[in-house]
Amino acid sequence: MANADARGISRRRVVKSGLAVAGARIAGPFVMSARAAEAVRIGLDNPLTGPVASLGKNELIGCQMAIDEINARGGVLGRPVELIVEDSTSGDAGTAVMKARKLIDRDKIDFLLGNDNSALALAMAQVSNEKGILHIVPGGHTDAITGSSCNWNVFRVCNTTQMEANAVAAALIEQYGKKSYYITPDYAFGHTLEAAMTKAIAALDGERVGGDLTPLGTVDFSSYLIKAQAANPDVIVFLVPGDDMLNAMKQAVQFGLQNKVHLAGAHQEMEPLEGLPPEARIGVWVMEWYWNQPGVPHVAEFVEATKKRTGRVPTARTWFGYVSVWTCALAAAKANSLKALDMAKALQDFHLPPEIALGPNPAFYCAGQNQLLASLFVGEAQAKGSAPDDFFKVTKVVNGAKVAGTLEESGCKMKWPT
Amino acid sequence: MNAVRARGLDVAICLMLLFAPFWMNAIGGYTELATRIVVMGLAAMSLNFLLGFTGVLSFGHAAYFGLGAYGTAMAIKYWAVGSIPAIVLGVIVATIAAMIIGALIIKLRGVYFAMVTIAFGQVFYFIAFRWNAVTGGDDGLTGWRRLPINFGFAELDIVQNDRAFYYFALAIFAVCVAAMAVLLNSPFGRSLIAIRENERRARFLGVPIEFHVWLSFVISCLFVSAAGGLYALLNNFIDPRALRVDLSGNLVIMAVLGGMRSFWGPLIGAAIFVALQDYVSSQTQNWMSVIGLVFVLVVRFFPRGVLGMLRTGAKA
Amino acid sequence: MSQVVLFNVFNGLIVGAFYALMALGLSLILNLSGVINFAHGGFLALGAYLAYTLIPYIGFWGALIVAPPLTAVLGLVIEWLLIRPLYGKDPLYSLLLTFGLAYIFEDVTRLIWGAQSVPFQVPGWLMSSLSSQYFFLTGYRVFMMIIVAAAVGGLFAVLKYTRLGMRIRAGTRDLDTVSTLGVNVRVLRSLNFGIGIYMAGLAGVLAAGLLGLSPTIGANLIMPSFVAIIVGGLGSLLGTLIGGLMIGVASGLAAVYFPSATEAVIYVMMALVLLVRPRGLLGEEGRLH
């Protein structure tokens, strides 16, 4: 029994010491935060793992660039600003909510940023509203965030599906024709995008000849493409984002559908475009921000700075992160306080300075809705452009303010605390 | 000797749970973490009713966890009921589902039973995802929150007060755990252990195997759905991802990590796992590798779990 | 309308063949060793990424030949180090282990190749349709069918005509007896595992040409494999093959009539099979325990 004895004791010792180490490590951050009590803290609760990890990572880069710039210029209200990053994971809302609470309760952040997943953004918005913290959503697209579930303390940088649809509908009809068939992802983002597209197209005498709801994460689009082609439209509109769009376009081009029908869509981003084989980079799309803007001041510097940091050009997501952090700093500066209520009021109809807006049109947070209205870039995906990474040829820059719906349409009834 | 040790463990755990909000904050944790550990601990212990004590592996318990959560959330959102009735409604929904599914799959065992539970878990994930009108789909069920509990003579504010909610969750936890303990010590519980040890022999002894396993499955799902209801209340939110196989796998690892053969094992496992995941995901983007490594290490080197090892150490 | 139906059935067979390839690897490992390989999707992703890395050096065809065996080698290493000690123990442990491995695989592929989707280049002449009318018959899909048919045919040939195959088949029924007859069961299991992973790697290379290649590519494909095995029958490889084909066709048909149920339909099928014939269509008796 001696052997078992020795083994047993040493295992127990390992476990005990392990627990002790774990205990010390948990205490670690507590010690750290006592030191940095002076800094202004921005908490980022965004997915860094899972299917939208690439988007979250790019937003993080944008945030970090903004933090460096702000600190170089003296910080926020004279205090240094620091970014606390938490991976909300792409799991369920519980983790994102828990991290949000951790950031607010334990780390005492002054601003909350996140989330790219619509559900998680909504869940976090409930927490930030309950705790009265200023909350910026960089890239969560569900309309409800600045619509039916709007809150006085929640602001959003990326566009609503309404805006994207309105921006691209005219281009589709002009270039391709009136009859469209929709491949729509079956979740809130897809539904609202399709509804907005149908309405926008109808207003221009377009016709919806059919459509299919595809489950998120659909791997094989062939059956839907077969149906789409049979309906004989002028253009097949792909509303599926990210990896789904990648699969759908890749397969559509393999089928040679682009020779019979036009292929296009609404929402598009650099990250999935980079994953497409060059021959599948076709179609009319709308992007929320694009790096290649000749003639627009300050953009080239931003692109250079990003390239120096990462070796790649900035994407819309990089810009979202950048704007989100800068919004916090500018709000505090304008309100001259870190109280969420003051800052939220200061942000109503607040215009971003050109070196942050980085676009031809003014960028401002629409009052009563807290939605950023900036520029939308309608154009064509291209296999190769004037420079490496130039995968998109911008044909028209739309003014966001002109394609945003009215306040009533959004369904936002903002309640301010008394 | 063993009984004294067991009692000692019981008392130690009760004390730690009772004072969690205090010592948690002192070591850099936060109250919500403690609440989450209690909820996950309940879920893992419920799973262990089936896994550790009946010897049947279910890898799809997240489905019933999620059903309990959705039931609770929908009850509050659409009918504005109080927190406790909401949890009860969630439990009812999940238990009925467990009864039906259990009857369907009872003939399978071992690896195949596990596979089928995984597949059924996915079914509920889809339903939650697609039935947009009712469940809110991918966006989740939002626009509701837990209401203060009205006892008639006093009102317990569990809405704003994190600590109050922790104790509410702990109360529900205590009720469920006590029920499980009673069941496990009953003749029914004994026959479950007999089935775990040697199913064929139990069958020869006249134990109605299928019925017992089915009942164990249903009971296990009943308590896990109570944990799910608490989870929905904790977050004031529920979305389909809570029903994914990831959560099922996490519950199993919690049970194994803490010690499948002991009553409190899964709670310890839940505490370690939840705290570890929270901590590691704050430190590095590669936390998935660390968690995966935990799975691998536990299976290879600590299959009996923390409490299993401590017990062996003490005996020898 | 009926043309759409016909097209979808045809196309469903093609897609189903691909599901079958993946499910067969899983089934092979499950039948002989009783291990549910949750990391199968991870091996698929690894095979795809290895091919992606090799293509600039040895071209697509070279990668197709080299990547699956490479993946199989990695599978053998993992089997030897991690899974072998778990044979004979509760299947719970191997399930947990492979579950953890799946996490690690996803994280490591993301670490090495990035979170973004990467473009996977397939030879141009494969990319286009063979006929204008049957446009969904792209060269690539036909090619995929041929490869799958070859792989499946090869697998069944190995099982039926070689000694290794015979031992695997015997071991699936009664491993103890096979062991007492002097067969090195450890080597047998390893080789079996290797073959299963080879098929996962091959499926990965094929998948990358069809879909976008990102670290989560395997995650969506593993569930249909499970269902294929359950529907087709536990313990029967032919059943798994048929199960895979059925899933493909069912999804295709659902896309025509109930588009939003294309995923759910395979689970409905599974539930029906469980109700009516719990051991699956071609499952063997006594396989349930």
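Start with the contacts inside chain C: of those with a separation of 6 or more, 73% join residues 24 or more positions apart. Two residues are in contact if their C-beta atoms, placed from the backbone, lie within 7 Å. This is a predicted model, where local features need pLDDT of at least 70, side-chain atom pairs count only at pLDDT 80 or more, and totals for chains, interfaces and linings use all residues. Residues are numbered from 1 along each chain as its sequence is written, and chains are lettered from A in the order in which they are written.

Now color chain C by secondary structure. Eleven helices and zero strands appear; helices are DSSP runs of H or I, at least four residues, and strands are E runs, at least two, numbered from the N terminus.

The radius of gyration of chain C, taken over C-alpha atoms, is 19 Å, close to the 19 Å of the globule rule (2.2 Å times the number of residues to the power 0.38) for 289 residues, so chain C is as compact as a globular protein of that length.

Next, select helix 2 (residues 40-83) and helix 8 (residues 185-210) of chain C. Their axes come within 8 Å and cross at roughly 145 degrees. Axes are lines fitted to C-alpha atoms over the stretch in contact, and angles run from 0 to 180 degrees between N-to-C directions.

Finally, show chain B against chain C. The contact takes 35 residues from chain B and 36 residues from chain C. On the chain B side, select helix 6 (110-130). Helix 6 of chain B gives the most to that side, with twelve residues.
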